[in-house]
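Hi,

Here is the structure I promised to pass on. Have a look, and then read on for what turned up.

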Amino acid sequence: MFFHNFKYAIISLIKAKTAILWTLVFPIALATFMYVAFSGVLEKDEGLAPISVAVVTNEASEVEEKDVWQQEGLLVVLENLASPGDDQMLTITKVEEKKAKKLLQEKKVEGIFFVKQERLVIGENSVNSTILSMILEQYIQKKAVIVELAKEHPEQIVEAIKIITNPTSSYVERKTTDGCQNIYYNYFYAIFAMSCLFASFASVEKISKIQANTSALGMRRSLSPNSKMITILSEYSALWLVQFIVELIALAYMTMLGIDFGGKYPAIALTLFVGSGIGLSIGVIIGAISRLKESAKIGIAVAVGMALSVMADLCASGIKDAVEHHVPILNRINPAVLLTDCFYALNVYDNYNRFGRNLLILSIMSVVLLVISFFMVRRNRYASL
């Protein structure tokens with residue numbers, strides 16, 4: 001009976017023009033418009049740009065005059081790291097302390113180095129702030145070792161200074177990844193997230209049609225001896241298969257369009273598979289609300305899908321980051337954010353830890369929503385049919 005229901009559910013889905021419009025045509029059209037709008041910047045990889053920092057050299061210091069070379073050592077390192085070239089890591093601005101703090105407050109620099117105090121002040125936590133901290137920490141560690149050696153072998157002091165002030169690649173290891181790290185790609189990740197969530201429209205409609213109080217078809221199916229669990233699972237499985245195929249078509253189209261998703265296509269396909277499941281699960285639980293009409297349920301699905309997608313930076317960049325700083329728990333349970341983060345993790349990281357964690361959360365959420373939906377539908381009782 002499962003496969004019988006599964007078969008006819010697929011046939012009805014293929015004939016449903018509304019489902020095809022929202023889950024395939026609309027995302028493809030949106031991706032096309034975005035590609036045209038961003039065509040001038042998509043070809044440029046963001047890479048590792050030099051970090052802007054302020055350097056304060058005139059602050060008070062307790063270091064003795066005889067140790068002045070230690071005071072200047074950090075400055076020499078920073079200047080070397082700011083030397084123009086392919087390996088340039090910093091752009092430095094030498095200013096007084098008051099001016100430096102103003103630049104940091106205005107976000108014109110990402111950190112302030114106090115040379116004589118060998119101290120760093122950063123603005124917001126970010127990858128760049130971590131790099132700046134690593135620069136200072138490694139300098140201090142190397143200096144401590146060199147100073148100890150210089151005490152035992154003073155004749156090597158000149159060579160020690162050369163070592164400590166020589167910039168090395170140990171501060172940051174540059175690695176290339178399969179994908180593109182352009183910030184505008186997050187919009188395309190969000191399109192996939194939105195497309196997966198919009199699968200909820202089809203599942204809302206399907207679940208509504210197995211409830212006797214919402215449709216004539218639901219009345220007839222309620223009289224059927226079929227188990228409600230089998231009915232729900234067969235409809236859900238059919239929706240899942242069709243939605244997954246639709247997502248793969250959209251992925252193929254965007255790839256041919258020129259969007260670089262990297263080379264980890266099996267993992268990307270798995271992301272779309274799990275993403276289709278969570279979108280359908282959201283629709284199932286909305287459709288299981290028995291007291292609402294189908295049009296009201298569709299309205300709720302639209303509102304939920306759009307709200308979650310906007311929070312994943314579909315409309316404007318920076319929303320997800322703002323949520324992460326103020327209410328991070330929302331990003332941990334927002335399916336759209338988790339899906340976009342899966343794409344980001346595949347593009348940036350050389351391991352699957354973050355990717356696997358996101359998929360695990362999405363899978364658990366799907367199962368929980370399905371179980372709750374089943375009990376909601378099962379509890380429905382009708383005085384007459």
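How many helices and strands are there in the protein chain? There are 16 helices and four strands. Keep in mind that this is a predicted model.

First, the chain as a whole. It has 385 residues, and 43% of them count as buried. If you take the contacts with a separation of 6 or more, 75% come from residues 24 or more positions apart. The exposed area is about 20,300 Å², with carbon and sulfur atoms supplying 62% of it.

Now for helix α11, which covers residues 265–287. Its 23 residues should span 33 Å at 1.5 Å a residue, and the end C-alpha atoms are indeed 33 Å apart, so the two values agree. Of those 23 residues, 19 are buried, so α11 is largely enclosed by the rest of the structure.

Gln243 may interest you too. This residue sits in helix α10 (residues 228–257). Its relative accessible area is 6%, and since buried means under 20%, Gln243 counts as buried. Leaving out residues up to four places away in sequence, Gln243 touches Thr23, Ser195, Cys196, Ala199 and Ser276.

On the surface, Val327, Ile329, Leu330 and Ile333 make a nonpolar patch of about 330 Å². Ile333 belongs to helix α14 (residues 328–333). With a relative accessible area of 47%, Ile333 is partly exposed.

Cheers

How values were computed: Residues numbered from 1 in each chain as written. Predicted model: local features only at pLDDT ≥ 70, side-chain atom pairs only at ≥ 80, totals over all residues. Heavy atoms only, no water. Helix = DSSP H or I, 4+ residues; strand = E, 2+ residues; numbered from the N terminus. Buried < 20%, exposed > 50% of the residue type's maximum accessible area, 1.4 Å probe, protein only. Contact = heavy atoms within 4.5 Å. Areas by Shrake-Rupley, 256 points an atom, 1.4 Å probe, with all protein chains shown as cover. Expected span 1.5 Å × (residues − 1). Patch = residues over 30% accessible without salt bridge, like charges linked within 9 Å, V, L, I, M, F, W, Y side chains within 5 Å. Salt bridge = Lys/Arg side-chain N within 4 Å of Asp/Glu carboxyl O.
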